[in-house]
Amino acid sequence: APGAMASFSEDERATKRKPVIAVLHGTAANASIVKFQLGALVPRLASQFELVFVDGPLRVADTNRHAVMMRRVFGAHQDLREYGRAGLDDRGWRTYDAVDEALV
């Protein structure tokens, strides 16, 4: 009937896949760093959702000011990534180039 909610048996609900959440890191970070930053939230969310930690496709330049700070905090060995090159608009707000292509 129109507007009726689907009904699932208990077996069907038990085998139903968890909703998926794509977890994206910030500029000059990676999946390991954002997982660490989220800390105790990860196991709590993972009980109800499938968490997929996605590394950005672009390597961050060593001279990037964010990379310098992140390596100071998380270690020089980190492979720091981003989804698009960061810039500033005329208001001074951060913008990113080609993010749509990075997330395909």
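A residue is taken as buried when its relative accessible area is under 20%, and as exposed when that value is over 50%. The structure described here is a predicted model. By this criterion, Ala31, Ile33 and Val34 are the buried residues to be noted in helix H2. Viewed down the axis of H2, the buried residues fall within an arc of 160 degrees, so they line one face of the helix. This arrangement can be set beside the geometry of the α-helix, in which 3.6 residues make up a turn, so that residues three or four places apart point the same way. The face of H2 turned away from the buried side carries Ser32 and Phe36, which are exposed. The packing partners of the buried H2 residues are S1, strand S2 (50-54) and H4.

Both ends of H2 show local features. At the N-terminal end, Asn30 acts as a cap, with a side-chain oxygen placed 3.0 Å from the backbone nitrogen of Ser32. After H2 comes Gly39, which has a positive phi, near 50 degrees.

The chain as a whole contains 5 helices and 6 strands, arranged along the sequence in the pattern α-β-α-α-β-β-α-β-β-β-α. Of its 104 residues, 26% are buried. Among contacts with a separation of 6 or more, 62% involve residues 24 or more positions apart.

The largest nonpolar core comprises 8 residues, namely Ala28, Ala29, Ile33, Val60, Ala67, Met70, Phe74 and Leu80. Helix H4 gives the most to this core, with 3 residues. Within the core, Ile33 touches Met70, Phe74 and Leu80, and Ile33 also touches Gln78, when residues up to four places away in sequence are not counted. Another core, of 6 residues, lies apart from the largest one and includes Val23, Ala31, Leu51 and Phe53. Two of the buried residues of H2 thus appear in these lists, Ile33 in the largest core and Ala31 in the other.

A search of the whole structure for aromatic pairs returned 1. The ring centres of Phe36 and Phe74 are 5.8 Å apart and the ring planes stand at 85 degrees; because planes over 60 degrees apart count as edge-to-face, the pair is assigned to that class. Phe36 belongs to helix H2 and Phe74 to helix H4 (residues 65-74), so the pair ties together parts that are 38 residues apart in sequence. The two partners differ in accessibility: Phe36 is exposed, with a relative accessible area of 61%, whereas Phe74 has a value of 19% and counts as buried.

Aromatic rings also take part in arrangements with charged side chains. Lys35 lies over the face of Phe53, at 4.8 Å from the ring centre. Arg91 is placed over the face of Trp93, at 4.0 Å from the ring centre.

A further site of interest is Thr27, located in the loop between strand S1 (20-24) and helix H2 (31-38). Thr27 has a relative accessible area of 13% and is therefore buried. The side chain of Thr27 makes a polar contact with that of Tyr96, at 3.0 Å. With neighbours within four places in sequence left aside, Thr27 is in contact with Asn64, His66, Arg81, Glu82, Arg94 and Tyr96.

How values were computed:
Residues are numbered from 1 along each chain as its sequence is written. This is a predicted model: local features need pLDDT of at least 70, side-chain atom pairs count only at pLDDT 80 or more; totals for chains, interfaces and linings use all residues. Side-chain values use heavy atoms; hydrogens and water are left out. Helices (H or I, at least four residues) and strands (E, at least two) are DSSP runs, numbered from the N terminus. Buried means under 20% relative accessible area, exposed over 50%, partly exposed in between (1.4 Å probe, protein chains only). A polar contact is a pair of N or O atoms within 3.5 Å; within protein, one must be able to donate a hydrogen and the other to accept it, and residues adjacent in sequence count only if both atoms are side-chain atoms. Contact means heavy atoms within 4.5 Å. Rings of Phe, Tyr and Trp (its six-membered ring) pair if their centres lie within 6.5 Å; planes under 30 degrees apart count as stacked, over 60 as edge-to-face and the rest as tilted. A charge sits over a ring if NZ of Lys or CZ of Arg is within 6 Å of the ring centre and within 35 degrees of the ring normal. A nonpolar core is a set of buried Ala, Val, Leu, Ile, Met, Phe, Trp, Tyr and Cys residues joined through side-chain atoms within 4.5 Å. The arc is that of the directions from the helix axis to the C-beta atoms.
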